[in-house]
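The exercises that follow ask for a careful reading of one protein model, working from strands and helices towards individual side-chain pairs. Try each task on the structure before turning to its solution.

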Amino acid sequence: MLSTVITAFSIALASGLLMSVWVVKDQARASFTGVDSGFDGVFGARGSKLQLVLNSIFHLEASPGNLSWVQYERIAADRRVATAVPIAVGDNYLGYRLVGVTTNLFDVEYREGKKYAVRDGGYLFNPKKKQAVVGSFAAERLKWKVGDTFRPYHGLIFDENSDRHDEYVVCGIMEPSNTPADRVIWIPIAGLQNMAGHDPATASDVSAVLVKLRSKISGMMMNQEFNLQGDVMTFAWPIADTMSKLFNKIAPVEMVLRAVALLVALVAAGSILASIYNSMNERRREIAIMRALGARRSTIFAIVVLEASGIAALGALAGFGVYFVIMSAAAWFIRQETGIVLNPLEFQPVMVWAPLAMLGLGALAGLVPAAKAYRTDVAENLTPIS
Amino acid sequence: MILALLLLNIENLRKSFGTPGGSVLTVVDIPAFSLDSGQQTALCGTSGSGKTTFLNLIAGILKPDGGRVELDGCPISEAGEAGRDRLRARTIGYIFQTFNLLQGYTCIENVLLGMSFGPGADRRWASELLERVGLGQRLDHFPRQLSTGQQQRVAVARALANRPKLVLADEPTGNLDPASAAESLGLIRETCQENGAALLLVSHDRGVLGQFDNVRDLADINRAAAWPGAGEAKS
């Protein structure tokens, strides 16, 4: 009984792990490549496109450098650009980034038909005041409400010894968007540019410019113009492609994780085999009795295979529990770190094929002990020859 | 006049086993033996006279080296393994000396399991049988929760569950005290009679043998047991 429970548990772990690895990988890829916050591309200082996208869209990583306000104005005035939103980064509050932005960010649809909105009771910041609109996740974690005040810290990484700036007032909390914007404290761009401690020479600089283009052709043309021929700015376009490249780079790591999960599944199947095979010696008499009562060899074979499958089915069922625990922890961590929301309950094909594969592996593992049971000699194991 | 139907007919049945020394030991050599439908016969024999081997040959658990066993018109000795399994499941009930109950199953499950290999599980009939042998209140007890006598009754109920035409009983009272043995034997004979099953019981207990009108000595029918030096290996 105990060995059955342990074997079923190892199957549950294997099945849960298989599903988790596949779902985290697939959902993370879909989420990260699907998040463009409603923009087609990002302009930034000459450097890595990936760093630029991570910094300006996902609010991770450091800024690769700044663009001047003039450069921003030139981008905004370009006929191929429908909307240009400048952002500036460089400060935080307890690890949550402050991002300076213009109010036209709130006119952009971050998802079809969805715009960033401030919850009832709050309002959009006045570009000339020290006010902040706080992302839903950050507000929840910081336990902030409208009217609360705070003093930002200098730098993107929280350090309690770093300089602190002027006091800001929370004027609005954003509706949840399930995007990285939920983790950001949004303030007027002028406020961030002119914070005490920042270099006055770069006071009008921006970290990046998020753009929405009028057409796809515009993107191709600008890619040619800024990335291939120019050497002043980097134009990360399309955003999903840049993130795809990141996932392609870490594909070998994914493969290793998948291989480990498959190995765990094989070990679990091996434990079914060992557990039932070892019990066959103790059960020779039981098998002989069944045969003496009229059970055919094929019936005994089927009983053992069914038993192995039953243990695997039990484990596969419990695997959903293991999956839910692992996925909940992974989803919590990823949301905490990136703002990306994974949904453990969202259906994925792996939720069907992984339990079925465990069932198949269990049945397969049952074949060896079943063959042993099949060969059990009835008379020899039933009664001694008198 | 009632004509008795021949149920079991045996001709020139032989079975030998190899010994660790490499020689061959003939255990059963029976020129002829028969049993009519509903007949109750006791077979006596000393230890090592081939009683259990004989029953296993009739039940098709062992395949004879030669000769013919015909049960209810079916040549069991010539049937393949699946055929013998089927015959054992449907036509024969076997009461073992050590009862051979499955310890992980309750009384009624033990009976139902036997049925499942035959015509199919019939819970009502299984309950009726267990009630008939006095275990109506213990259907869900496990064998370890029963006395030896009660365990044997479960074995009797299981043997009769598939309405067999022949019940084979191998020293069924060997593990019981005299009082329980007498009671148990009466029960086996009664239930077989009630269900129209023939009974072939082997025992070396004189008390048991004395209960039967028809007693055969294995030494008379088994040449391997009757020969001087029976049970000795011959190369």
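**Exercise 1.** In this predicted model, determine which strands helix α1 of chain B lies across and at what angle it runs to β1(B). Then establish the order of the strands in the open sheet of chain B and how they pair.

*Solution.* Step one: helix α1 (residues 51–59) of chain B lies across β1 (6–18), β2 and β4 of chain B, and it runs at about 120° to β1(B). Step two: the open sheet consists of 4 strands in the order β2-β1-β4-β5 (chain B), with antiparallel pairing. The edge strands, each of which pairs on one side only, are β2 (24–36) and β5 (74–75) of chain B. Step three: at the β5(B) edge, strand β4 (residues 66–71) of chain B and β5(B) are joined in the antiparallel sense over 2 bridges, and Glu70(B) has Pro75(B) in β5(B) as its bridge partner.

**Exercise 2.** Work out which way the residues of strand β6 of chain B point, which strand is joined to β6(B) by 4 bridges, and whether Thr91(B) is buried or exposed.

*Solution.* Step one: in a regular strand, side chains alternate between the two faces of the sheet. In strand β6 (residues 92–95) of chain B, Ile92(B) and Tyr94(B) point one way while Gly93(B) and Ile95(B) point the other way, and all are buried. Step two: β6(B) runs parallel to strand β7 (residues 166–170) of chain B, to which 4 bridges join it; within β7(B), Val167(B) is the bridge partner of Gly93(B). Step three: Thr91(B) sits in the loop between α2 (81–90) and β6 of chain B, and it counts as buried because its relative accessibility is 9%, with the cut-off for buried lying at under 20%. Leaving aside neighbours within four places in sequence, Thr91(B) has contacts that include Leu71(B), Asp72(B) and Pro164(B), together with Lys165(B) and Leu166(B).

**Exercise 3.** Identify the strands of chain A that pair with β2(A), and explain why β2(A) is described as largely enclosed.

*Solution.* Step one: because 11 of the 13 residues of β2(A) are buried, this strand is largely enclosed by the rest of the structure. Step two: β2(A) pairs in the antiparallel sense with strand β11 (residues 208–213) of chain A over 6 bridges, where Val81(A) has Leu213(A) as its bridge partner. Step three: an antiparallel pairing over 6 bridges also links β2(A) with strand β3 (residues 96–101) of chain A, and here Tyr96(A) is the bridge partner of Tyr93(A). The hairpin of β2(A) and β3(A) has 2 residues between the strands, and in it Leu94(A) takes a positive phi near 50°. Step four: strand β8 (residues 153–154) of chain A pairs with β2(A) in the antiparallel sense over 2 bridges, with Tyr153(A) in β8(A) as the bridge partner of Asn92(A).

**Exercise 4.** Find which parts of chain A are tied together by the salt bridge of Arg80(A) and Glu225(A), and which helices hold the two residues of the salt bridge between Asp85(B) and Arg291(A).

*Solution.* Step one: the closest N and O atoms of Arg80(A) and Glu225(A) are 2.8 Å apart in their salt bridge. Arg80(A) lies in the loop between α3 (69–77) and β2 (81–93) of chain A and Glu225(A) in helix α6 of chain A, so the pair ties together parts that are 145 residues apart in sequence. Arg80(A) is buried, with a relative accessible area of 16%, whereas Glu225(A) counts as partly exposed at 33% relative accessibility.

Step two: Asp85(B) and Arg291(A) meet through their side chains in a salt bridge of 3.1 Å, N to O. Since Asp85(B) lies in helix α2 of chain B and Arg291(A) in helix α9 (residues 284–292) of chain A, the pair joins two chains. Asp85(B) counts as buried at 2% relative accessibility, and Arg291(A) is buried with a relative accessible area of 2%. Both residues belong to a network of salt bridges that links Arg291(A), Arg297(A), Glu81(B), Asp85(B) and Arg88(B).

Definitions and conventions. Residues are numbered from 1 along each chain as its sequence is written. Chains are lettered from A and ligands numbered from 1 in the order in which they are written. This is a predicted model: local features need pLDDT of at least 70, side-chain atom pairs count only at pLDDT 80 or more; totals for chains, interfaces and linings use all residues. Side-chain values use heavy atoms; hydrogens and water are left out. Two strands pair if DSSP finds at least two bridges between them. Contact means heavy atoms within 4.5 Å. Axes are lines fitted to C-alpha atoms, for helices over the stretch in contact, and angles run from 0 to 180 degrees between N-to-C directions. Buried means under 20% relative accessible area, exposed over 50%, partly exposed in between (1.4 Å probe, protein chains only). A salt bridge is a side-chain nitrogen of Lys or Arg within 4 Å of a carboxyl oxygen of Asp or Glu.
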